[in-house]
Amino acid sequence: MTPIPTGVRVWLATGHTDMRCGFPSLALRVQEVLKRDAMGGGLFCFRGKRGDLLKVIWRQGACLFTKRLERGRFIWPSVAGEPVMISPAQLSYLLSGIDWRNPQETQRPTRVG
């Protein structure tokens, strides 16, 4: 996926979405269900029913990205009906299959030896 510029808002559409949808259908869902402007520069993420497929739309030339996990599921908010905003860093965790809600920082050594 292309690097996400600083300040871009990332929205997760709660619930599951029909993954047969293309960019026009997902953009319409952003406008009607999420009450956001799909062409306003935000990044919108949709998860399939099984949880292993994710589609992301972005206004940059009307881009549609798809990501499938080989194992496991994408961690998704359980809030129903309301979109959830996350940071671009949390999106990176999400796309890697890491729990973006509470990533654990490993302890860094203070000295070598």
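**Notebook: the sheet and what packs on it**

I looked up the sheet first and found five strands (DSSP runs of E, at least two residues, numbered from the N terminus) in an open arrangement of order 4-3-2-1-5 with mixed pairing, where two strands count as paired if DSSP finds at least two bridges between them. The edges are strand 4 (63-68) and strand 5 (84-86), each of which pairs on one side only. Neighbouring strands are turned by 25° against each other on average, direction ignored; the axes are lines fitted to C-alpha atoms, for helices over the stretch in contact, and angles run from 0 to 180 degrees between N-to-C directions.

I noted that the model is predicted, with local features needing pLDDT of at least 70 and side-chain atom pairs pLDDT 80 or more, while totals for chains, interfaces and linings use all residues. Residues are numbered from 1 along each chain as its sequence is written, and side-chain values use heavy atoms, with hydrogens and water left out.

I then followed strand 1 (residues 10-12), which pairs with strand 2 (residues 43-47) in the parallel sense over three bridges; Leu 12 stands opposite Cys 45 in strand 2. Helix 1 (residues 23-32) packs on the sheet and touches strand 2, strand 3 (53-58) and strand 4, contact being heavy atoms within 4.5 Å. The direction of helix 1 makes about 75° with that of strand 3.

For the chain, I recorded the element order β-α-β-β-β-β-α from the N terminus on, helices being DSSP runs of H or I with at least four residues. Among contacts between residues at least 6 apart in sequence, 53% join residues at least 24 apart.
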